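This report describes selected features of one protein structure for a reader who has not seen it before. The sequence and the structure come first, and the description follows.

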Amino acid sequence: MKVIVVGAGVVGTMHAWHAVERGHEVVHIEREAEARGASLRNFGQIWVSGRAGGEELDTALRARELWEGIGARVPGLGFRAIGSLTPVRNELELAVAEAAVARPDAAARGYKLLTADEARAVNPALRGTFEAALWCERDAAVEPRLAQLALREALLATGKYTFLPNREVRDVVGENAVRDDRGELHSGDAVVLCTGAWLSGLVREVAGEIPVRRVRLQMMQTEPLGEALTTSVADADSFRYYPAYASEALDSLQAAQPQDPTAAAHKMQLLMVQRLDGGLTIGDTHEYEHPFAFDTLEDPYEHLTRVVESFLGRPLPKIRRRWAGVYAQCVDTSRVVHRQRVRDGVWLVTGPGGRGMTCSPAIAEKTADELGW
Ligand SMILES: Cc1cc2nc3c(=O)[nH]c(=O)nc-3n(C[C@H](O)[C@H](O)[C@H](O)COP(=O)(O)OP(=O)(O)OC[C@H]3O[C@@H](n4cnc5c(N)ncnc54)[C@H](O)[C@@H]3O)c2cc1C
């Protein structure tokens with residue numbers, strides 16, 4: 001069987017991976033010289049902690065297992081089972097962490113409530129002020145700038161995989177074929193469109209308006225910290241965004257402790273992970289209204305710097321990079337992904353939202369199972 005995959009972000013690459021694993025031939029078509037979308041711009045967090053119980057958590061846990069296995073075979077993608085800590089600073093935040101630890105699925109996530117000293121034993125770089133921390137053992141990380149390249153190298157070594165960059169797919173032709181902007185036709189037994197947040201053009205033509213929206217985020221990365229940040233770190237604002245933390249305790253937190261005005265204005269939380277070079281990737285903001293800003297704003301970065309410095313108890317190293325990224329998210333955010341058969345033999349897979357890096361191996365596995373690859 002021959003599978004045509006369009007889009008070389010993590011969703012497309014994981015579809016290529018599963019197809020090749022099952023013995024099929026893959027032709028992978030990408031518009032850019034290298035993918036430059038959300039899959040490169042993210043934290044690389046394989047993030048289990050805040051997932052909604054049920055399908056979303058099951059998908060994230062399965063994906064975490066797949067990432068670990070693939071990471072063992074492809075060390076260049078930088079899989080690390082580092083877990084995460086969410087420090088809490090007062091009784092209101094602590095109550096949300098306690099409610100999380102009391103969830104029936106807490107053990108599956110590896111949740112544990114740590115004292116500040118226990119948290120510092122796990123992550124000695126956290127020398128700032130906080131009362132306790134929520135530990136999530138299942139959280140992990142990969143290197144987003146390297147992962148697709150490392151996976152592609154492994155795919156090329158199988159001899160079953162062809163990568164065709166600098167070709168924009170413009171048209172779906174009949175069943176199981178696409179035409180690129182050089183006029184070349186690529187036909188196979190199945191076509192999977194993994195075109196990320198590009199919802200106009202090809203996607204609008206083949207699928208019309210789909211229940212998926214675009215979300216823009218601001219990010220930054222520092223010079224090396226000069227010491228290990230042994231876990232990912234989130235702040236208690238993340239409780240306000242992730243469904244796993246919905247509880248009476250969260251309602252009380254929301255009512256009694258308004259978010260910092262900058263954080264509220266830009267729908268922010270702190271997420272932070274150390275890169276293999278020692279730098280810290282730090283974010284994020286959420287922008288939903290169009291047209292999106294074309295430039296990055298300084299206020300959110302200043303807020304994030306204050307929060308990080310308060311946890312680390314030291315100044316942040318110089319910021320080396322700032323960027324923004326856009327992901328596609330199902331409007332019904334309880335849906336893990338938008339998977340649609342747009343023609344016989346042609347599937348569109350998009351809209352995994354802020355969990356696409358985490359869930360893509362399991363999303364692609366499900367597509368492969370459903371299509372009988
Ligand atoms: C700032 C940021 C931080 C994030 N952090 C995390 C995180 O830590 N953990 C997590 O789980 N998720 C995270 N996400 C979400 C995650 O990155 C995305 O859900 C995921 O990368 C989506 O992958 P994708 O392959 O669908 O899209 P993309 O990576 O955008 O790839 C789509 C590709 O398709 C190509 N393409 C589009 N149209 C065509 C065409 N017609 N022909 C050929 N090629 C085409 C594009 O050029 C692009 O390379 C984050 C997202 C952002 C923006």
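The bend at a residue is the angle between two fitted axes, one for the seven residues ending there and one for the seven starting there. The model described here is predicted.

## Helix α12

By that definition, helix α12, which covers residues 356–370, bends by about 30 degrees at Ala-362. How many of the 15 residues of α12 are buried? Twelve of them are, so the helix is largely enclosed by the rest of the structure. A residue counts as buried when its relative accessible area is under 20%. The buried residues of α12 include Gly-356, Met-357, Thr-358 and Cys-359. Ala-362, where the helix bends, is also buried. Ser-360, Pro-361, Ile-363 and Ala-364 belong to the buried set as well, as do Glu-365, Thr-367 and Ala-368. After α12 comes Gly-372, which has a positive phi near 70 degrees.

## Strand β1

Strand β1 spans residues 2–6 and contains Val-3. Is Val-3 buried or exposed? Val-3 has a relative accessible area of 0%, so this residue is buried. In sequence, Val-3 and Gly-345 are 342 residues apart, while their C-alpha atoms are 9.9 Å apart in space.

## Salt bridges

Side chains of opposite charge can pair when their charged atoms come close. The whole structure holds 26 salt bridges. Three of these pairs are described below, with the distance given from N to O.

| Pair | Distance (N to O) |
|---|---|
| Glu-21 and Arg-73 | 2.8 Å |
| Glu-168 and Arg-31 | 3.9 Å |
| Arg-120 and Asp-117 | 3.7 Å |

Glu-21 and Arg-73 are joined by a salt bridge between their side chains. This pair links distant parts of the chain: Glu-21 is in helix α1 (residues 10–21) and Arg-73 is in helix α3 (residues 55–73), 52 residues apart. Glu-21 is partly exposed, at a relative accessible area of 43%. Arg-73 has a relative accessibility of 52% and therefore counts as exposed.

The side chains of Glu-168 and Arg-31 also meet in a salt bridge. Glu-168 sits in the loop between β8 (161–164) and β9 (169–173), and Arg-31 in the loop between β2 (25–29) and α2 (38–41), so the pair ties together parts that are 137 residues apart in sequence. Both ends are partly exposed: Glu-168 has a relative accessibility of 28%, and Arg-31 has a relative accessible area of 31%.

The salt bridge of Arg-120 with Asp-117 lies within one helix, α6 (residues 116–122), where the two residues are three apart, about one turn of the helix. Arg-120 is partly exposed, with a relative accessible area of 24%, whereas Asp-117 counts as exposed at 59% relative accessibility. Elsewhere, Arg-51, Glu-56 and Arg-355 are joined into one network by salt bridges that share partners.

## A patch of positive charge

Which residues gather in a patch of positive charge on the surface? The patch is formed by Arg-36, Arg-41, Arg-145 and Arg-321. Among them, Arg-145 is placed in helix α7, residues 144–156. Arg-145 is partly exposed, its relative accessible area being 35%. Patch residues need over 30% relative accessible area and no salt bridge, so the 35% of Arg-145 meets the area requirement.

Conventions: Residues numbered from 1 in each chain as written. Predicted model: local features only at pLDDT ≥ 70, side-chain atom pairs only at ≥ 80, totals over all residues. Heavy atoms only, no water. Patch = residues over 30% accessible without salt bridge, like charges linked within 9 Å, V, L, I, M, F, W, Y side chains within 5 Å. Areas by Shrake-Rupley, 256 points an atom, 1.4 Å probe, with all protein chains shown as cover. Salt bridge = Lys/Arg side-chain N within 4 Å of Asp/Glu carboxyl O. Lys, Arg positive; Asp, Glu negative; His and termini not counted. Charge placed at Lys NZ, Arg CZ, Asp CG, Glu CD. Helix = DSSP H or I, 4+ residues; strand = E, 2+ residues; numbered from the N terminus. Buried < 20%, exposed > 50% of the residue type's maximum accessible area, 1.4 Å probe, protein only.
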